[in-house]
Amino acid sequence: MLVPAVEHEAHSGLRAPGLSRHILARAAVAEWTQGATPVTAVAALNDLTSLAVLASCRIQHIAIPDDLALIGVDDLPMSSLAVPALTTIGMDLTAAADNLASRVLFDGRRSAPECAESTRRGRPSPGT
């Protein structure tokens, strides 16, 4: 299956020889939507991968979110420009780093701090 190839490329910054993110995403979308059991939702590794999947869906006439639900992670500013709107999860990295440091330094004399929270940003679709 091509999902690991798309996610590995996006995560590591490495690309298969001669293949770009959008070519890998196009092949993955075709496999996901034309298989015996079509995929109905994709939670991408990050917003860049989501944008590549979104572009591939547009080329293949797959309607987001009607035919395929899509969500990204990291709430990149450019994600707000996507059409249709991209739902994404943003992480407060400062709070997460503070939380991690507190847990590392936690000495048992006080209760451990709460985990940092993430936020889901659903953007309005154009024309709504």
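1. Start with Pro65, which sits in the loop between α3 and β2 (69-73). In this predicted model, the peptide bond joining Ile64 and Pro65 is cis, with omega at about 5°. Most peptide bonds are trans, so this one deserves a look when you set up your torsions.2. The other cis bond on my list joins Val83 and Pro84, and its omega is about 0°. Where does Pro84 lie? Pro84 is found in the loop between β2 and β3 (87-91).

3. Now for the backbone of His61. Its phi is positive, at about 60°, although His61 is not a glycine. Most residues other than glycine have a negative phi. Like Pro65, His61 can be found in the loop between α3 and β2. Is His61 buried or exposed? With a relative accessibility of 72%, His61 counts as exposed, because the cut-off for that label is over 50%.

4. Asp75 also has a positive phi, near 50°, and is again a residue other than glycine. Asp75 belongs to the loop between β2 and β3, the loop that also holds Pro84. Its relative accessible area is 17%, so Asp75 is buried, given that buried means under 20%. His61, by contrast, is exposed.

5. Next, the helix pair. Two packed helices are described by the angle between their axes and the distance between the axes. For helix α2 (residues 21-34) and α3, the angle is about 60° and the axes are 8 Å apart. The crossing of α2 past α3 is right-handed. On the α2 side, the residues that meet α3 are Arg21, His22, Ala25, Arg26, Val29 and Trp32. Their partners in α3 are Leu48, Thr49, Ala52, Val53, Ser56, Cys57 and Ile59.

6. Leu48 turns up twice in this note. It is found in helix α3 (residues 47-59) and is among the α3 residues that meet α2. Leu48 is also one of the makers of a nonpolar surface patch, together with Met78 and Leu81. That patch covers about 300 Å². How can Leu48 take part in a surface patch? Its relative accessible area is 34%, so Leu48 is partly exposed and clears the over 30% needed for patch membership.

7. Ser50 is another residue of helix α3. Its relative accessible area is 0%, so Ser50 is buried. Which residues does Ser50 contact, leaving aside its neighbours within four places in sequence? They are Ala44, Leu70, Ile71, Gly72 and Leu86. Ser50 and Val73 are 23 residues apart in sequence, and their C-alpha atoms are 8.3 Å apart in space.

8. Val73 itself lies in strand β2. At 28% relative accessibility, Val73 counts as partly exposed, whereas Ser50 is buried. Not counting residues up to four places away in sequence, Val73 touches Ala44, Leu45, Asn46, Asp47, Thr88 and Ile89. Ala44 is thus on the contact lists of both Ser50 and Val73. For Leu45 there is also a distance: its C-alpha atom is 6.4 Å from that of Val73, with the two positions 28 residues apart along the chain counted as separation.

9. Finally, the whole chain. It has 4 helices and 4 strands, and along the sequence they follow the pattern α-α-β-α-β-β-α-β. Of its 128 residues, 30% count as buried; Ser50 and Asp75 are in that class. The chain exposes about 8100 Å², with carbon and sulfur atoms supplying 60% of it. Among contacts with a separation of 6 or more, 63% are between residues 24 or more positions apart.

Notes:
Residues are numbered from 1 along each chain as its sequence is written. This is a predicted model: local features need pLDDT of at least 70, side-chain atom pairs count only at pLDDT 80 or more; totals for chains, interfaces and linings use all residues. Side-chain values use heavy atoms; hydrogens and water are left out. Patches are made of residues with over 30% relative accessible area and no salt bridge: like charges are joined within 9 Å, nonpolar side chains (Val, Leu, Ile, Met, Phe, Trp, Tyr) within 5 Å. Accessible areas come from the Shrake-Rupley method with a 1.4 Å probe; for residues, only the protein chains shown count as cover. A salt bridge is a side-chain nitrogen of Lys or Arg within 4 Å of a carboxyl oxygen of Asp or Glu. Helices (H or I, at least four residues) and strands (E, at least two) are DSSP runs, numbered from the N terminus. Buried means under 20% relative accessible area, exposed over 50%, partly exposed in between (1.4 Å probe, protein chains only). Axes are lines fitted to C-alpha atoms, for helices over the stretch in contact, and angles run from 0 to 180 degrees between N-to-C directions. A crossing is left-handed if the near helix is turned anticlockwise from the far one by less than a right angle, and right-handed if clockwise. Contact means heavy atoms within 4.5 Å.
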